[in-house]
Amino acid sequence: MTEPGWDPIAGHELKRLDRLFAEDPERVPRLSLTLGGLYFDWSKTHLDEALLERFVALAEARGFDAAREALFTGGVVNPSEGRPATHVAERGSGDAEATAVAGAGHDRMRSLVDAIEAGAFGDVTGVLHIGIGGSALGPDLVIDALGRDAARYDVRVLSNIDGQAFEDAVVGLDAETTLIAAVSKTFTTTETLTNLSAALSWLGDAGVEDPFGRVIAITAAPETAIEFGVDQTRILPFGEGVGGRYSLWSTVGFSAALALGWPAFEELLEGAAEIDRHFRFAEPRANAPLMAAFADLVGTQLLRAQTRAIFAYDERLRLLPSYLQQLEMESNGKSVTADGQPLDRMSAPVTWGGVGTDAQHAVFQLLHQGKVVVPVEFVACIEQEDGLDDTHHRQLLLNAFAQGAALMTGKVSDDPARAYAGNRPSSTILLDRLDPRTLGALLAFYEHRTFANAVLLGINPFDQFGVELGKQMARAIDDPAERAKFDSSTRALIERAGL
Ligand code: F6P
């Protein structure tokens, strides 16, 4: 490790977690933070005073303040594509041009939501949201988390090219009263266009006279959508600087705004904006995304963790791990620095996870006794909102807290099979309650944490060239001339499948 700021961190000797607690009675207040309706606890990670000082020095050495300011002022934070990242403009921060584009997008989206509510599209009961990756995961999570009792429309999110997924998605939808929201930044994504064509046929087969008249396209490439056949009056554009995995806040959130209502969508944006202000101005030691990034880097750089796991102890957040997989792995799963040099350290770990308590009965064995260290994050909500007596919610939360304590303290036993080494790190995020504002804040926190990790590692979190080769080869494999150039294993698979 030779880069500025990293040597002192690499040389730091980690203490056991129980010792860190024994040595510092103030550890919890020192390593926790309350922010609006969110509480963060990093005390069960291996961060300590000396390490924090070194991480703060690392941030300085990596030009963190300037990088962060560039994010909020429209600087080119995505150098490989030569552009800014304008998702914060969707929440009101950023340069004048990006915030104007975002504002115009929101105005148009709001008018369309109002028009649909006012009956401009006749009777509407359902929405088939078609998109993939960042054009699906955010809206899907938000609608699933917040729309359980509140959704005004039956929204189905369809992403996979698998026809089974299409068939599942339309079960029970009435084609006559369903709108299609086709979401694609590029409007060239094979899965989305194939599913959109299938949806148009589905509408036509059901007797809808003008299937294209039911399609709303959400895209940063309006011309391409028009070429596909979408009427320009039904296009909701968004800015080129909004990356797919950061796009929920833009017109990509249309299905969520429609399902939850405009005021709820605005609350989601405001929750995110609060975190923007916090991230931009808070001191490093009181800065939630930056502190979380420090804890992440202890995991990957010092504990050599190859994965990190998120367990939502709230069924409404069951899609959070999938959303974070794209956010973190597509952003920071890189092997070169922003200026193209080989990265000589671990970048993003594999993000995975599930819901508690289910996961306790499936994967926690390895977390407690396996040979690999997996930093765990627990996410839970204090307020009970199910209609049952409090047994369920109480047990849910107590289980989350007990797991964190067990990972840390472990257990001594004469029987090696029954011994727990402990000293396994975890962090906890507690939401006072799950509502649009706290969910917006939570997701913006994760975005900024991802950005902070990238800056400290020196990588560009806003490109994703790693997905291109597979797309190119998926096109080539369908061309008989190109196919001959594929390896013998792949050719044998094609032959066996009769393709
Ligand atoms: O293949 C990855 C990716 O480009 C993601 O970055 C993106 O969120 C997704 O595909 C969908 O892309 P689009 O919105 O252009 O259809």
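**View 1. Separation of domain 2 and domain 3 in the predicted model.** The C-alpha centres of domain 2 and domain 3 lie 31 Å apart. The bounds, which come from an automatic or database domain assignment, give domain 1 as 7-82 + 271-457, domain 2 as 95-260 and domain 3 as 466-496. Residues are numbered from 1 along each chain as its sequence is written, and side-chain values use heavy atoms, with hydrogens and water left out. Because this is a predicted model, local features need pLDDT of at least 70 and side-chain atom pairs count only at pLDDT 80 or more, whereas totals for chains, interfaces and linings use all residues.

**View 2. The largest nonpolar core, between domain 1 and domain 2.** A nonpolar core is here a set of buried Ala, Val, Leu, Ile, Met, Phe, Trp, Tyr and Cys residues joined through side-chain atoms within 4.5 Å; buried means under 20% relative accessible area, exposed over 50%, and partly exposed in between, computed with a 1.4 Å probe on protein chains only. The largest such core holds 100 residues, of which Phe55, Ile116, Phe254, Leu320 and Leu439 touch the most other members. Helix 17 (residues 436-457) contributes the largest share, 13 residues, where helices (H or I, at least four residues) and strands (E, at least two) are DSSP runs numbered from the N terminus. Domain 1 and domain 2 both give residues to this core, so the core lies between them. A second, separate core of 23 residues has Ile130, Ala175, Ile180 and Leu196 among its members.

**View 3. The surroundings of leucine 320.** With neighbours within four places in sequence left aside, leucine 320 is in contact with Leu141, Ile310, Val379, Leu442, Leu443 and Tyr446, contact meaning heavy atoms within 4.5 Å.

**View 4. The open sheet of six strands and the helices that lie across its strands.** The strand order is 1-2-11-10-8-9, with mixed pairing; two strands count as paired if DSSP finds at least two bridges between them. Strand 1 (32-35) and strand 9 (350-355) stand at the edges, each with a single partner strand, so one side of each is left without a neighbour in the sheet. Neighbouring strands are turned by 15° against each other on average, direction ignored; axes are lines fitted to C-alpha atoms, for helices over the stretch in contact, and angles run from 0 to 180 degrees between N-to-C directions. Within the sheet, strand 8 (residues 307-313) and strand 10 (residues 376-381) pair in the parallel sense over five bridges, and tyrosine 313 stands opposite alanine 380 in strand 10. Helix 16 (residues 391-409) lies across strand 8, strand 10 and strand 11 (426-431), running at about 160° to strand 10. Helix 17 lies across strand 2 (38-41), strand 8, strand 10 and strand 11, and runs at about 150° to strand 11.

**View 5. The open sheet of five strands, with helix 8 packed on it.** Here the order is 4-3-5-6-7, with parallel pairing. Strand 4 (154-158) and strand 7 (235-237) stand at the edges, and each has a single partner strand, so one side of each lacks a neighbour in the sheet. From one strand to the next, the twist averages 20°. Strand 6 (residues 215-219) pairs with strand 7 in the parallel sense over three bridges, with isoleucine 218 opposite leucine 236 in strand 7. Helix 8 (residues 163-170) packs on the sheet and touches strand 3 (126-130) and strand 4, its direction making about 175° with that of strand 4.

**View 6. The salt bridge between glutamate 117 and arginine 152.** A salt bridge is a side-chain nitrogen of Lys or Arg within 4 Å of a carboxyl oxygen of Asp or Glu, and a search of the whole structure finds 32 of them. In the pair of glutamate 117 and arginine 152, the closest N and O atoms are 2.2 Å apart. This pair links distant parts of the chain, 35 residues apart, with glutamate 117 in helix 6 (residues 96-117) and arginine 152 in the loop between helix 7 (137-146) and strand 4. Glutamate 117 is partly exposed, with a relative accessible area of 39%, and arginine 152 is partly exposed, with a relative accessible area of 39%.

**View 7. The salt bridge between aspartate 415 and arginine 418, and a salt-bridge network.** The closest N and O atoms of aspartate 415 and arginine 418 are 2.5 Å apart. Aspartate 415 is partly exposed, with a relative accessible area of 27%, whereas arginine 418 is exposed at 56%. Salt bridges that share partners join Asp314, Arg316, Glu383, Glu385, Arg433 and Asp435 into one network.
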